[in-house]
Amino acid sequence: MEADELGIVEINTTEDDLRALPGVIDAGVVNGYQISSPDKENFFIRFAVTAESLRQLRTRVATALSTLDYRITARPEPAGAE
């Protein structure tokens, strides 16, 4: 999953939550990831999925994506910035 806005990522979904899904063999979650520029890669969730067919793969990926619970909050302003 790649961020499409600036801020700090807050993720409620855990790696174990993702790994518990059918076909998910690995997962990584970076809670608190700071997105400072839209011009660089900002991946904060990754997962690997296996399946017996393309249809099954698409279904499993859709399930994993629908399980994700995250939000991107505004970055706090530096002290003294106005």
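These legends describe close-up views of a predicted model.

**View 1. The open sheet has three strands in the order β3-β1-β5.**
The pairing in this sheet of 3 strands is antiparallel. Strands β3 and β5 are the edge strands, and each of them pairs on one side only. Strand β5 covers residues 70–73, strand β1 covers residues 7–11, and strand β3 covers residues 34–35. Between β1 and β5 there are 4 bridges, and between β1 and β3 there are 2 bridges. In both pairs the two strands run antiparallel. Strand β1 is largely enclosed by the rest of the structure, because 4 of its 5 residues are buried.

**View 2. Isoleucine 8 in strand β1 has a bridge partner in β5 and another in β3.**
Isoleucine 8 sits in strand β1. Which residue of β5 is the bridge partner of isoleucine 8? The partner in β5 is threonine 73, while in β3 the partner is glutamine 34. Is isoleucine 8 buried or exposed? Its relative accessible area is 18%, and buried means under 20%, so isoleucine 8 counts as buried. The view can also be used to compare position along the chain with position in space. Isoleucine 8 and alanine 48 are 40 residues apart along the chain, and their C-alpha atoms are separated by 24 Å.

**View 3. A salt bridge joins glutamate 10 and arginine 71.**
Side chains of opposite charge can pair when their charged atoms come close. Here the side chains of glutamate 10 and arginine 71 meet with a distance of 2.8 Å, N to O. Glutamate 10 belongs to strand β1 and arginine 71 to strand β5, so the salt bridge links distant parts of the chain, with the two positions 61 residues apart in the numbering. Glutamate 10 has a relative accessibility of 32% and counts as partly exposed. The count for the model comes to 5 salt bridges.

**View 4. Five residues are linked in a network of salt bridges: Glu15, Asp16, Arg19, Asp26 and Arg46.**
Within this network, glutamate 15 forms a salt bridge with arginine 19, and their closest N and O atoms are 3.5 Å apart. Where do glutamate 15 and arginine 19 lie? Both are in helix α1, which covers residues 15–19. They are 4 residues apart, about one turn of the helix. Arginine 19 also forms a salt bridge with aspartate 26, with the closest N and O atoms 3.9 Å apart. The relative accessible area is 30% for glutamate 15, which is partly exposed. Arginine 19 is partly exposed as well, at 34%. Aspartate 26, at 30% relative accessibility, also counts as partly exposed.

**View 5. Four acidic residues gather in a patch of negative charge on the surface.**
Which residues make up this patch of negative charge? They are Glu2, Asp4, Glu5 and Glu41. Glutamate 41 is found in the loop between β3 and β4, and β4 covers residues 45–49. With a relative accessible area of 61%, glutamate 41 is exposed, because exposed means over 50%. Alanine 3 is found in the segment before β1. At 12% relative accessibility, alanine 3 counts as buried. Alanine 3 and glutamate 41 are 38 residues apart along the chain, and their C-alpha atoms are separated by 8.3 Å.

**View 6. Alanine 74 and glycine 7 are 4.5 Å apart in space, C-alpha to C-alpha.**
In sequence, alanine 74 and glycine 7 are 67 residues apart. Alanine 74 is found in the segment after β5, whereas residue 7 falls within the range of strand β1, residues 7–11. Is alanine 74 buried or exposed? With 66% relative accessibility, alanine 74 counts as exposed.

Key. Residues numbered from 1 in each chain as written. Predicted model: local features only at pLDDT ≥ 70, side-chain atom pairs only at ≥ 80, totals over all residues. Heavy atoms only, no water. Patch = residues over 30% accessible without salt bridge, like charges linked within 9 Å, V, L, I, M, F, W, Y side chains within 5 Å. Areas by Shrake-Rupley, 256 points an atom, 1.4 Å probe, with all protein chains shown as cover. Lys, Arg positive; Asp, Glu negative; His and termini not counted. Charge placed at Lys NZ, Arg CZ, Asp CG, Glu CD. Buried < 20%, exposed > 50% of the residue type's maximum accessible area, 1.4 Å probe, protein only. Pairing = 2+ DSSP bridges.
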